[in-house]
Amino acid sequence: MVGGEGEGRRGQLVAAAFRRVAESGFEGLRLRQVAEDVGIDHSTLHHHFATKQSLVEAVAAHTTRQFWETAPPAPDRASALRAHLRVLGQMIVERPDLFAVTVELDLRARRDHAVAAAMAEHESGWRDKLVDILTDLVPDPATSAELVIATVKGVRLLPDVAGPVLDLLAAQLTGDGRG
């Protein structure tokens, strides 16, 4: 493997596996198809990912990275919460594949410790950010952060209602009624 070429191919394989999981779930993820999607032989895939499990873990990391920039700068905590929830609501509408994969990852995490660890790390960072945003905004920031996480997970496959539900949640938590 030569320098960036290997990382580029590796990224292509992760993207192809991500698409396969979005389309068919993990039960539809076949290494041979992923290799074909990027135009390489099945055996070559193993130069980049020794096992299917290592590819699944890379898909989990790729997926959770998509959420790193969902808290745009805001002048105050209420605006920060509204902005964060609007970004997530917009992503739910525009990136149904991303949220389908998060559902698949959450389900797989129930029986796969490596995926569970990746998802727990992502959720922990998200929870910490939410608690930071909610501090001095609500009486119990930790509980409110759990409410936000549960609500987003609840509406992530319902793009038609995600925006209004997340606006309502923001209005409830900020107490401003503007959503």
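**Exercise 1. The aromatic pair**

Phenylalanine 67 and phenylalanine 99 are both buried. The model is a predicted one. Work out how many aromatic pairs the structure holds, and describe the geometry of the rings of phenylalanine 67 and phenylalanine 99.

Solution.
1. The structure contains 1 aromatic pair.
2. The ring centres of phenylalanine 67 and phenylalanine 99 are 5.5 Å apart, and their planes meet at 80 degrees, so the pair is edge-to-face. The cut-off used here is over 60 degrees for edge-to-face.
3. Phenylalanine 67 belongs to the loop between α4 and α5, while phenylalanine 99 is part of helix α6, so the pair ties together parts that are 32 residues apart in sequence.

**Exercise 2. Helix α7**

Check the length of helix α7 against the expected span, then find where its buried and exposed residues sit.

Solution.
1. Helix α7 takes in residues 113–134, which is 22 residues. At 1.5 Å a residue the span should be 32 Å, and the end C-alpha atoms are 30 Å apart, which agrees.
2. The buried residues of α7 are Val115, Met119, His122, Glu123, Trp126, Leu130, Ile133 and Leu134.
3. Viewed down the axis of α7, these buried residues fall within an arc of 110 degrees, so they line one face of the helix.
4. On the face turned away from the buried side, α7 carries the exposed residues His113, Glu121 and Asp128.
5. The cover over the buried residues of α7 includes α4 (52–65), α5 (77–94), α6 (96–109), α8 (141–155) and α9 (159–174).
6. At the N-terminal end, aspartate 112 caps α7, with a side-chain oxygen 3.0 Å from the backbone nitrogen of alanine 114. After α7 comes aspartate 136, which has a positive phi, near 70 degrees.

**Exercise 3. Helix α8**

Repeat the length check for α8, and state on which side its buried residues lie.

Solution.
1. α8 has 15 residues, and from first to last C-alpha it reaches 21 Å, close to the 21 Å expected at 1.5 Å a residue.
2. Pro141, Ser144, Ala145, Val148, Ile149, Thr151, Val152 and Val155 are the buried residues of α8.
3. Around the axis they cover an arc of only 165 degrees, which puts them on the same side of α8.
4. Among the elements covering these residues are α5, α7 and α9.

**Exercise 4. Two charged residues compared**

Decide whether arginine 156 is buried or exposed, do the same for glutamate 23, and list what arginine 156 touches.

Solution.
1. Arginine 156 sits in the loop between α8 and α9. Its relative accessible area is 12%, and the limit for buried is under 20%, so arginine 156 is buried.
2. The side chain of arginine 156 makes a polar contact of 3.2 Å with the side chain of threonine 102.
3. With neighbours within four places in sequence left aside, the contacts of arginine 156 are Ile92, Phe99, Thr102, Val103 and Asp106.
4. Glutamate 23 lies in helix α1 (residues 3–24). Its relative accessibility is 61%, and exposed means over 50%, so glutamate 23 counts as exposed.
5. Glutamate 23 and aspartate 97 are 74 residues apart along the chain, yet their C-alpha atoms are separated by 7.7 Å.

**Exercise 5. The whole chain**

State how many helices and strands the protein chain has, and what share of its residues is buried.

Solution.
1. The protein chain has 9 helices and 0 strands.
2. Of its 179 residues, 44% count as buried.
3. Among contacts between residues at least 6 apart in sequence, 62% join residues at least 24 apart.

Methods. Residues numbered from 1 in each chain as written. Heavy atoms only, no water. Helix = DSSP H or I, 4+ residues; strand = E, 2+ residues; numbered from the N terminus. Expected span 1.5 Å × (residues − 1). Buried < 20%, exposed > 50% of the residue type's maximum accessible area, 1.4 Å probe, protein only. Arc of directions from axis to C-beta. Contact = heavy atoms within 4.5 Å. Polar contact = N/O pair within 3.5 Å; in protein donor to acceptor, adjacent residues only side chain to side chain. Phe/Tyr/Trp six-rings, centres within 6.5 Å; stacked < 30°, edge-to-face > 60°.
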